[in-house]
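Visitor: I would like to know how the labels used for a structure are justified. Please take me through them one at a time.

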Amino acid sequence: MGQSKALRHRKQAVRALVFVIAACMTAWGVYRGEVSVVLGKAVNVCLECIGLG
């Protein structure tokens with residue numbers, strides 16, 4: 001029933017790797033100044049859905 005120790009360790013390593021990659025990609029986007037672009041698109045989508053845009 002229980003997973004082997006090696007399999008649990010591998011899953012934890014994959015999770016950690018995915019987290020580090022996601023953090024690096026987020027930091028790269030912030031560095032490039034894409035926060036304002038994403039926020040602007042989110043505002044436009046919200047205004048279109050409400051019908052004010």
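Guide: Buried means under 20% relative accessible area, exposed means over 50%, and partly exposed lies in between, with a 1.4 Å probe and protein chains only. This is a predicted model, in which local features need pLDDT of at least 70 and side-chain atom pairs count only at pLDDT 80 or more, while totals for chains, interfaces and linings use all residues. Residues are numbered from 1 along each chain as its sequence is written, and side-chain values use heavy atoms, with hydrogens and water left out.

Visitor: Why is Cys-49 called exposed?

Guide: Its relative accessibility is 66%, so Cys-49 counts as exposed. Cys-46 has 46%, so Cys-46 counts as partly exposed.

Visitor: Why is there no bond between the sulfurs of Cys-46 and Cys-49?

Guide: A disulfide is a covalent bond between the sulfur atoms of two cysteines. Here the term requires a pair of cysteine sulfur atoms within 2.5 Å. The sulfur of Cys-46 has its closest cysteine sulfur in Cys-49, 6.6 Å away, so the distance is too far for a bond. A search of the whole structure finds zero disulfides.

Visitor: What makes Glu-34 and Arg-32 a salt bridge?

Guide: The term asks for a side-chain nitrogen of Lys or Arg within 4 Å of a carboxyl oxygen of Asp or Glu. In this pair the closest N and O atoms are 3.2 Å apart, so the definition is met. The structure holds one salt bridge. Arg-32 is exposed, because its relative accessible area is 53%, and Glu-34 is partly exposed, because its value is 32%.

Visitor: Which helices or strands are there in the protein?

Guide: Helices (H or I, at least four residues) and strands (E, at least two) are DSSP runs, numbered from the N terminus. The protein has two helices and zero strands. One of them, H1, covers residues 5-31 and contains Ile-21. Ile-21 counts as partly exposed because its relative accessibility is 42%.

Visitor: How does the span of helix H2 fit the expected value?

Guide: The expected span is 1.5 Å times one less than the number of residues. H2 (residues 34-50) has 17 residues and reaches 25 Å from its first C-alpha to its last, close to the expected 24 Å. Just after H2, Gly-51 takes a positive phi of about 100°.

Visitor: How does the radius of gyration of the protein stand against that of a compact globule?

Guide: The radius is taken over C-alpha atoms, and the globule rule is 2.2 Å times the number of residues to the power 0.38. A compact globule of 53 residues would have a value near 10 Å, but the protein has 19 Å. Its C-alpha atoms fill a box of roughly 55 × 30 × 5 Å along the principal axes.
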